[in-house]
Amino acid sequence: MRYAVYFTPPSSHEVVRRAESWLGRSVFGRVVAPAPIGGLSADARAPLVRAPARYGFHATLKAPFKLAEQAREADLIAGVDAFAAGHAPVPALRLEVSRLGGFFALTPAAPSPELQALADAVVHRFEPFRAPLTEADIARRNPDALSPRQRAYLTDWGYPFVFEEFRFHMTLSERLSDPEASTVGSALRAHFKEALAAPLPIDRIAVYRETARGAPFTCIHEAALVRDAATHPA
C-alpha cells in the first residue's frame with residue numbers, strides 16, 4: 001500500500017469534472033460516463049491516458065511512498081490536517097494546457113513563489129512518514145536518465161523532482177508522438193478552455209492511496225489550507 005500527498009481542486013470544481021471526463025475516471029469514487037472529446041472516443045483515449053487515469057487527476061507535492069514502519073494511515077491524515085491548519089492558501093493560479101517532455105498537463109501560466117514554498121514544505125514535513133526506497137523502487141525511476149542532482153534527490157527524498165527540480169503539473173496524457181500530440185493538444189485546449197478561464201485556487205492538500213502496486217489511486221482525505229498570514233505570520 002502506498003500513499004501520496006497531492007493537490008486537487010474540490011470534487012465539484014469544473015476543472016476536476018473536465019479532467020475526469022477526459023481521463024475516464026474519478027478519484028472520488030463516482031462513475032464517469034464515457035463520452036467523445038475533440039473527436040476522440042473514450043476507447044481511443046484509453047491508451048493515451050492509461051497512467052494519468054490510474055494515478056488520478058492531481059498535482060504531486062509528496063510523491064507516492066510506502067509508510068515508514070512506525071507510521072499508520074491515521075497518523076498521516078492527522079499530520080496532513082495539522083499541516084493544512086498552519087499553512088496559508090496559495091494565491092489562485094491561472095493554468096494552461098502545456099506539453100512537457102512529450103506529455104500534456106495543466107501548468108501555471110506564470111511562476112508562483114508561494115506554490116514553490118508549499119511544495120518544499122510538504123516534501124520536508126511528510127518525509128518522516130516515508131519508508132526508504134528499495135532497489136526495485138529506485139530502478140523503476142530509471143536513475144541513469146536522471147541528472148546527478150535528481151539522483152541525489154531520489155535517494156534522499158524518494159523522488160527526483162523536488163525543490164529546484166519541482167514543476168507543478170497536473171498530468172493529462174502519456175508521452176505522445178508528434179502526430180498524436182497535435183490531435184490531443186487541440187482536443188485538450190478546447191475541452192478545458194472554459195474551465196481555465198478563471199484562476200484556480202490552491203487552497204487544499206489531499207491524501208491519495210494505492211491499495212496495491214498498480215491499483216488505481218483514490219482520494220481518501222482532503223484538508224483545507226486555512227492559516228491567515230495576517231494574524232498568524234510564518
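User: Which residues lie nearest the centre of the largest pocket?

Analyst: In this predicted model, the lining of the largest pocket is made up of 38 residues. The pocket holds about 1,200 Å³ of space. Of the lining residues, those that lie nearest the centre are Y55, R141, Y159, F161 and H169.

User: Which element gives the largest share of the lining of the largest pocket?

Analyst: At least two lining residues come from each of β1 (2–7), α3 (50–55), β2 (59–65), α6 (135–140) and β6 (170–171). Sorted by class, the lining of this pocket has 18 nonpolar, 8 polar and 12 charged residues. The largest share is 5 residues, and the element that supplies them is α3.

User: How many nonpolar residues are in the lining of the second largest pocket?

Analyst: The second largest pocket has a volume of about 180 Å³, and its lining includes T107, P108, L115, Q116 and F168. Both β5 (103–108) and α5 (113–125) contribute at least two residues to this lining. When the lining is divided by class, there are 3 polar residues and 1 charged residue, while the number of nonpolar residues is 7.

User: Why is one side of β2 and one side of β9 left without a neighbour in the sheet?

Analyst: The strands belong to an open sheet of 4 strands, paired antiparallel in the order β2-β1-β8-β9. One side of β2 and one side of β9 (218–224) have no neighbour in the sheet because these two strands stand at its edges, each with a single partner strand. From one strand to the next, the twist averages 20 degrees.

User: Which residue of β8 is the bridge partner of V5?

Analyst: Strand β1 runs antiparallel to β8, which covers residues 204–210, and the two are joined by 5 bridges. For V5, the bridge partner in β8 is V207.

User: What angle does the direction of α5 make with that of β2?

Analyst: Helix α5 packs on the sheet with the order β2-β1-β8-β9. In doing so α5 touches both β1 and β2, and the angle between the directions of α5 and β2 is about 15 degrees.

User: Is the crossing of α1 and α8 left-handed or right-handed?

Analyst: Helix α1 spans residues 14–23 and helix α8 spans residues 178–192, and they pack at an angle of about 145 degrees with axes 10 Å apart. The residues making the contact include V15 and W22 of α1, together with L188 and F192 of α8. By class, this contact has 7 nonpolar, 2 polar and 1 charged residues. The crossing of the two helices is right-handed.

User: Which strands stand at the edges of the sheet that has 3 strands?

Analyst: This open sheet has antiparallel pairing, and its strands follow the order β4-β5-β6. Two of these strands have a single partner strand each, so one side of each is left without a neighbour in the sheet, and these edge strands are β4 (95–100) and β6.

User: Which residue of β6 is the bridge partner of L106?

Analyst: Strands β5 and β6 pair in the antiparallel sense, and they do so over 2 bridges. Within β6, the bridge partner of L106 is M170.

User: Which strands of the sheet does α8 touch?

Analyst: Helix α8, which also packs with α1, packs on the sheet of order β4-β5-β6. The direction of α8 makes about 40 degrees with that of β5. The strands that α8 touches are β4 and β5.

Notes: Residues numbered from 1 in each chain as written. Predicted model: local features only at pLDDT ≥ 70, side-chain atom pairs only at ≥ 80, totals over all residues. Heavy atoms only, no water. 1 Å grid on protein atoms, 1.4 Å probe; cavity = no way out; pocket = protein on both sides within 12 Å on 5 of 7 lines; lining within 4 Å. Points joined across faces, edges and corners; volume = space filled by probe spheres on them. Nonpolar A, V, L, I, M, F, W, Y, C, P; charged D, E, K, R; others polar. Pairing = 2+ DSSP bridges. Axes fitted to C-alpha atoms, helices over the stretch in contact; angles between N-to-C directions. Contact = heavy atoms within 4.5 Å. Left-handed = near helix turned anticlockwise from the far one by under 90°.
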